[in-house]
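The following exchange examines how descriptive terms are assigned from computed values. Each reply sets a value against its criterion and then concludes.

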Amino acid sequence: MIYISKGIAGKASTTELVQVIRGSQSICLSDMEAGVWLKGRFSFAYSQTPDEERALQHLIRMGLAEAEAEGNEDAKYWILSRCICCPAKAAKRSFGLSEGEKTILFWLVNAGLRLSTAELVYLLENKVEAKPELLHSDNRQALVELIYTADTIRDNILENKMAAAVCRDSVLRDMLSLLKKKKILIL
């Protein structure tokens, strides 16, 4: 099973006990659960054994992981579409990033709302320019109205349409690269 971990490792974490912070919760993980969570912290990982599978299922129930049975690009998209990606404190500096990474990071930092994976794919697929009238909290309604039209407003329509977008895989690749570079967090 392919998965990715959600949450932030707390400052009180040790090699034996991992403190995971997600929202207002602080959860301590040890043994197999800690190892499984750490394995999926900065990239997609796979559960290898029945014990890892049980630990992963427990992490999913606690809201600390998202998973799919198959490990293809579609599964990666659906996993990330259920996650909240937000900029890390280190996100302000963008040197050493590709153009795609810079664009995604710019949108995440300046959009004025938490953009979903499908919304990011939509913005890049439609080559939406990051104009001042679409940025920051004062203009979030304009950005929402640009993304959500009569064709995309119903439940999961945008996610389903963006699952077939041409740029979907490159957006996912850039998001994972930003995660590895500690520029974004998955919550």
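The questions below concern this predicted model.

Q: What makes the chain as compact as a globular protein of its length?
A: The chain has eight helices and eight strands. Its radius of gyration is 17 Å, and the globule rule gives 16 Å for 187 residues; the two values are close, so the chain is as compact as a globular protein of that length. Along the principal axes, the C-alpha trace spans about 50 × 30 × 30 Å.

Q: What share of the residues in the chain is buried, and what does the term require?
A: The term requires a relative accessible area under 20%. Buried residues account for 43% of the 187 residues in the chain.

Q: Why is α4 called oblique to α5?
A: The axes of helix α4 (residues 99-110) and helix α5 (residues 117-125) cross at roughly 125° and come within 11 Å. Oblique is the class left over once angles under 35 degrees, over 145 degrees and from 65 to 115 degrees have been assigned elsewhere. The crossing angle falls in none of those ranges, and therefore α4 is oblique to α5. The crossing in which α4 passes α5 is right-handed.

Q: Which residues of α4 and α5 meet, and how is their contact classed?
A: From α4, Thr103, Ile104, Trp107 and Leu108 meet Leu120, Leu123 and Leu124 of α5. By class, this contact of α4 with α5 comprises six nonpolar residues, one polar residue and no charged residues.

Q: Why does alanine 55 count as buried?
A: The relative accessibility of alanine 55 is 6%, and the cut-off for buried is under 20%, so alanine 55 qualifies. Alanine 55 has its place in helix α2 (residues 50-61). Leaving aside residues up to four places away in sequence, alanine 55 touches Met32, Glu33 and Val36. The C-alpha atoms of alanine 55 and methionine 32 are separated by 6.3 Å, although these residues lie 23 residues apart along the chain.

Q: How do you know that aspartate 31 counts as exposed?
A: Exposed requires a relative accessible area over 50%; aspartate 31 has 68% and therefore counts as exposed. Aspartate 31 belongs to helix α1 (residues 31-39). Its phi is positive, about 55°, although aspartate 31 is not a glycine.

Q: What makes lysine 127 exposed?
A: Lysine 127 has a relative accessible area of 72%, which is over the 50% cut-off, so lysine 127 is exposed. Lysine 127 is found in the loop between α5 and α6 (140-147). Although not a glycine, lysine 127 has a positive phi of about 50°.

Key:
Residues are numbered from 1 along each chain as its sequence is written. This is a predicted model: local features need pLDDT of at least 70, side-chain atom pairs count only at pLDDT 80 or more; totals for chains, interfaces and linings use all residues. Side-chain values use heavy atoms; hydrogens and water are left out. Axes are lines fitted to C-alpha atoms, for helices over the stretch in contact, and angles run from 0 to 180 degrees between N-to-C directions. Helices (H or I, at least four residues) and strands (E, at least two) are DSSP runs, numbered from the N terminus. A crossing is left-handed if the near helix is turned anticlockwise from the far one by less than a right angle, and right-handed if clockwise. Contact means heavy atoms within 4.5 Å. Ala, Val, Leu, Ile, Met, Phe, Trp, Tyr, Cys and Pro count as nonpolar, Asp, Glu, Lys and Arg as charged, and the others, Gly among them, as polar. Buried means under 20% relative accessible area, exposed over 50%, partly exposed in between (1.4 Å probe, protein chains only). The radius of gyration is taken over C-alpha atoms; the globule rule is 2.2 Å times the number of residues to the power 0.38.
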